[in-house]
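Me: I am new to this structure. Please take one part of it, look at that part closely, and then say what lies around it and elsewhere.

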Amino acid sequence: MTRLFNNPAAFADEALEGFAAAHRRLVRCVPGGVVRATATAPGQVAVVVGGGSGHYPAFSGLVGQGLAHGAAVGNVFASPSAQQVHQVARAAQSGGGVLLAFGNYAGDVLHFGQAAERLTAEGVPCATLAVTDDVSSAAAGESQKRRGVAGDLAVFKTAAAAAEAGLPLAEVVRLARLANARTRSFGIAFSGCTLPGADAPLFTVPAGRMAVGLGIHGEPGLAERPVPSADEAAELLVSTLLHELPEGVESPRGQRAGVILNGLGSVRYEELFVVYRQVARLLAEAGVETVDPEVGELVTSFDMAGVSLTLFWLTDELEPLWTAPADAPAYRKGTVAPVAAAEPSTTGEAPEAADPDPVENTAVPEASEPSRAAARTALAALGAIEATVRAHADELGRIDAVAGDGDHGIGMRRGSEAAHAAGRRALERGAGAGTLLHHAADAWADRAGGTSGALWGVILRALGTALGDTERPDAHAVSVGVDAAADGVMRLGKAETGDKTMVDALVPFADALSDAVGGGAPLAAAWDTAATAADAAAEATAGLLPRLGRARPHAEKSLGTPDAGAVSLALIVRAVHGALSGSTA
Ligand SMILES: Nc1ncnc2c1ncn2[C@@H]1O[C@H](COP(=O)(O)OP(=O)(O)O)[C@@H](O)[C@H]1O
Ligand SMILES: O=C(COP(=O)(O)O)[C@@H](O)CO
């Protein structure tokens, strides 16, 4: 239970503010997250990590000498936005290029990927790496689908120590990839976590049982077993990881391994040590030499009662990177060489150099009167979207919690509120429909983060591009925009119909709209027909098994429950129909 909070929606921002105030010697806040407060050598590669809040010390607590140069910090259990990642990377980089490293989650992959594209286009060499250490989240042959959990630390530490040693970006990336390929984690849980403001945990485990194969976002485990003794828990963790050795490790005997026994949030340190006692014995029996083991909370999930074990199979070149000194708020090792506090100039960018507010600082292109009239309708539609998302936020969170992380309502609410506010400011400045929707798109993606934030940004941007600022948009233009939105979502998210995502509501909606418009129906009537199709299609996702995203490892659990993103899309297009019916567009 998270007991101390003010406004749950502000929890992540307020926690970050307090964290930075407590660790001023080591970190400083920049828009989007934190960077080192200490100077970085010019030309050094910057390792920028990040992810959602709720996992402390991941990710902000791992920023400091010998560890990350910056962390982009998202909302609770939601990836930071591309804009946040970009801002943190600009502030952290010092001329040697940037490695963006994060756990392999859909939202992180989308947003860090977009930020990387933007940095590269600006001339900052940039690479990305998604950590995939969780053996329970996909089979060994599909390791690229695995989630990133406590093995994040092994990969981040390797990359950062390589950067600190002055290696160029290509070498830092190679070593970080090698570390990822040789890191495996597995966990168990006794109870789920409760998000700030929520009145129930994201999952529960019956008394006397434990969940096996946990995630770090309150995803339920993949199986249940009786609660073991500490020694039996150690046996399960060790045997599972020894069962799946990485390529290049034929047998555990004679190997050297970094070890992380990680508490997920409410397992006490003494309990961890009792378990570690047996972990160490079993590894020794198997002939594994442990190197600098870590026992403590390294990647948490609020107050979740759980434990995970990570083995980082070392090589001669990885071991010195694992044992290298570091000084971060939540991770200290050895003694780092003293360095001066960072001057804005040593980070390559002034810390205040945030991306300008797109609405306040971008010239609003001239728009025709018919397009400004359409912009008023678009704003009314954004208002209707905000209202319907607010009214259904709890329900969307509950649907998402069945097999996902329960944050869909929170993210959609943040995004829709920001989009409506940005649209209002754009209209006040005389924007046409296209520009208004572009501003709303950027605001949604930036404020919401997460998978749906990136995808709703794509939807609104595609619509804005189709409507433009000069013509009076007709039903055909709107339908073309919706088709482009569906194409854009599938291109970015790589989901197809049948994967149990929002695509399963968006594509039928786009097709039905296009058919009705092609048949001569006026926009409001065509939209009505299409919204009905989207509703039916969203309901029908209850019968699908997820093949992508957070829910995929829990496919069976999600059977019988519709996809949260498909449901929110159907609710939204129904609400927009109300706004269109009242307009002359
Ligand atoms: N690759 C994808 N393509 C399209 N939609 C996706 C994809 N992955 C997930 N989604 C949609 O995103 C929804 C979850 O959104 P959100 O709560 O923001 O996710 P997360 O917390 O996983 O980032 C899912 O219900 C699904 O509809
Ligand atoms: O939840 C996280 C990011 O994944 P999403 O797919 O955006 O939910 C985050 O906590 C781990 O980085």
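Reply: Helices here are DSSP runs of H or I with at least four residues, strands are runs of E with at least two, and the numbering starts from the N terminus. The model is a predicted one. The part chosen is helix α7, together with the sheet beside it.

Helix α7 covers residues 269-285, which makes 17 residues. At 1.5 Å a residue the helix should span 24 Å, and because its end C-alpha atoms are 24 Å apart, the expected and the computed span agree. After α7 comes G287, which has a positive phi, near 90°.

Several residues of α7 are buried: L272, V275, Y276, Q278, V279, L282 and L283. The buried residues of this helix pack against helix α6 (230-243) and against the strands β10, β11 and β12.

Those three strands belong to an open sheet of 6 strands, in the order β9-β8-β7-β12-β10-β11. The pairing in the sheet is mixed. Strands β9 (223-226) and β11 (289-296) are its edges, each pairing on one side only. On average, neighbouring strands are turned by 20° against each other, direction ignored. A second helix on this sheet is α5 (residues 169-181), which packs on it and touches β7 (183-191) and β12 (305-313). The direction of α5 makes about 50° with that of β7.

At the β11 edge, the partner strand is β10 (residues 256-263), and the two pair in the parallel sense over 6 bridges. One detail of this pairing is that A257 has T290 in β11 as its bridge partner. In general, strands of a sheet pair through backbone hydrogen bonds, either parallel or antiparallel.

For the wider setting, the largest nonpolar core has 69 residues. The members that touch the most others are V49, L67, L99, L153, F156, W322 and Y331. Helix α4 (residues 152-164) gives the most to this core, 9 residues. Leaving out residues up to four places away in sequence, L67 touches R36, L62, L153, F156, K157, A160, A326, A328 and Y331. Another core lies apart from this one; it has 64 residues, including W456, L460, V503 and L580.

A last residue to find is H408, in helix α11 (residues 408-428). Its relative accessible area is 9%, so H408 counts as buried, the cut-off being under 20%. With residues up to four places away in sequence not counted, H408 touches L396, D400, S452, A564, G565 and S568.

How values were computed: Residues are numbered from 1 along each chain as its sequence is written. Chains are lettered from A and ligands numbered from 1 in the order in which they are written. This is a predicted model: local features need pLDDT of at least 70, side-chain atom pairs count only at pLDDT 80 or more; totals for chains, interfaces and linings use all residues. Side-chain values use heavy atoms; hydrogens and water are left out. Two strands pair if DSSP finds at least two bridges between them. Axes are lines fitted to C-alpha atoms, for helices over the stretch in contact, and angles run from 0 to 180 degrees between N-to-C directions. Contact means heavy atoms within 4.5 Å. The expected span of a helix is 1.5 Å times one less than its number of residues. Buried means under 20% relative accessible area, exposed over 50%, partly exposed in between (1.4 Å probe, protein chains only). A nonpolar core is a set of buried Ala, Val, Leu, Ile, Met, Phe, Trp, Tyr and Cys residues joined through side-chain atoms within 4.5 Å.
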